[in-house]
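Colleague: Could you take me closely through the interior of this protein, starting from its nonpolar packing and working outwards to whatever adjoins it? I would like one connected account.

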Amino acid sequence: MAKVKVKKNKNIVKQVKETPKDENVLVLPPVRMSNDPTPKQVKWINRQRVLVFAARGINHRHRHLMEDLKKLMPHHKSESKMERSKNLYVVNEISEMKNCNKCILFEGRKMRDLYMWLANVPNGPSAKFLVENIYTMGELKMTGNCLRGSRPLLSFDPQFTKDAHYSLLKELLVQIFGVPKHHPKSQPFFDHVYTFMILDNRIWFRNYQILSEDGALAEIGPRFVLNPVKIFSGSFGGVTLWENPKYVTPAKLRQAYSKKAGNKYETRIEKKVMNEATRPETGYPDIEGADFFKGDPLKKAENVLMEEEIKEEPESMDEDAENVKPKPVFSMKKSKSKPDMAIRRKQLKAKSKAISDQIKKRKQFKRKKPVK
């Protein structure tokens, strides 16, 4: 078969079939053409890294609280426990080795008290808190939930702006708990809120999930209260910028409670002695026995009135009845006079003091160890 040559004309214009357009359909302009190169990832400018670790001596609840904070902070870095014998200035070297510029250190005392250090490494400032009323996520079992690694909204009490030390703490909390934008391990949206409220000279921390746009919240956890102790100019040391005048150590509080419980027996004896001193010796002489309160009270009242009328009739016949005063039915005998009562009270107080001195001597004798 012979091949047929087809001549191509350069002037021929390709006719494109026009598709019918709907009037109601809105065509959006293309954001990126298919031939364009893929855009580069946005730079992570705010490079905040927080070192979260603890010193030896914390109990299981304190460790669970530390793990909960690590879950809430995708920009954290962890480290093994630090020895208690080491100085706190070593923490600055550890954070520099980990390439961190913020630090949260948990320090335990007597396996029951927990202290938290918030520091800006290496120049400062740093703050020391006593952590109270700890409730971890495992204990609370709240209905709220949030995606791991999502960024939080930070809500602060208006009182943070009134005092200078609270404004400094606010800036420190914002830099530590705020997740940086475009962090590699974070999610690019907000679904929970951290609230920092000031009540009773303490900072109360709560974590809530955002349920809807109208402001509905559900608590997630954990819960804890920060009682500020001191603020230092440097990182884990330096000049004391502010000290809490209302702070009382938990050891002193426990000592006061135990002392109050120890004096319980002595106060009970003193009350007993005072009751004996103020108790009247004589009561109502006309009421003898429990038979007085039995029976019908109306009939008894009628009988009493009849007896009084019988007694009054012979007295009216006498000439000197006007000078004689009628005797009351219930006569109360006078007890001792006021000076006698005062003397008796002094004697009983001296007696109670002697008893309390004997109790103290017995306690001191028991505390003394036998000499070898």
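Modeller: In this predicted model, the largest nonpolar core has 35 residues, and those with the most contacts inside it are Ile-104, Phe-106, Met-116 and Phe-196. Helix H4, residues 164–177, supplies the largest share of this core, namely six residues. A second core, separate from that one, has 15 residues, and Met-82, Leu-88, Val-91 and Cys-103 are included in it. As a general background to such groupings, nonpolar side chains in soluble globular proteins tend to be buried together.

Phe-196 deserves a closer look, since it is one of the residues with the most contacts inside the largest core. If neighbours within four places in sequence are left aside, Phe-196 is in contact with a run of residues from Leu-154 through Ser-155 and Phe-156 to Asp-157, with Phe-160, with Leu-173 and Phe-177, and with Ile-203, Trp-204 and Phe-205.

Phe-177 leads on to another residue, for it is also listed among the contacts of His-75. His-75 itself is found in the loop between H1 and strand S2, the latter spanning 76–78. With a relative accessible area of 2%, His-75 counts as buried because that value is under 20%. Its side chain reaches the backbone oxygen of Ile-176 at 2.9 Å. Beyond its neighbours within four places in sequence, His-75 is in contact with Gln-48, Arg-49 and Val-50 on the one hand, and with Ile-176, Phe-177, Gly-178, Val-179, Pro-180 and His-183 on the other.

Helix H1, which precedes the loop of His-75, brings us to the second largest pocket, as H1 (60–72) is among the elements that give two or more residues to its lining, together with strand S4 (113–120), strand S5 (126–135) and helix H5 (250–262). This pocket has a volume of about 360 Å³, and 21 residues line it, of which Leu-130, Val-131, Glu-132, Asn-133 and Pro-250 lie nearest its centre. S5 gives the most to the lining, with five residues. In character the lining is mixed, dividing into eight nonpolar, six polar and seven charged residues.

To set these parts in the context of the whole, the chain contains eight helices and eleven strands, and buried residues make up 31% of its 372 residues. Among contacts in the chain with a separation of 6 or more, 67% are accounted for by residues 24 or more positions apart.

Technical notes
Residues numbered from 1 in each chain as written. Predicted model: local features only at pLDDT ≥ 70, side-chain atom pairs only at ≥ 80, totals over all residues. Heavy atoms only, no water. 1 Å grid on protein atoms, 1.4 Å probe; cavity = no way out; pocket = protein on both sides within 12 Å on 5 of 7 lines; lining within 4 Å. Points joined across faces, edges and corners; volume = space filled by probe spheres on them. Helix = DSSP H or I, 4+ residues; strand = E, 2+ residues; numbered from the N terminus. Nonpolar A, V, L, I, M, F, W, Y, C, P; charged D, E, K, R; others polar. Buried < 20%, exposed > 50% of the residue type's maximum accessible area, 1.4 Å probe, protein only. Polar contact = N/O pair within 3.5 Å; in protein donor to acceptor, adjacent residues only side chain to side chain. Contact = heavy atoms within 4.5 Å. Core = buried A, V, L, I, M, F, W, Y, C linked by side-chain atoms within 4.5 Å.
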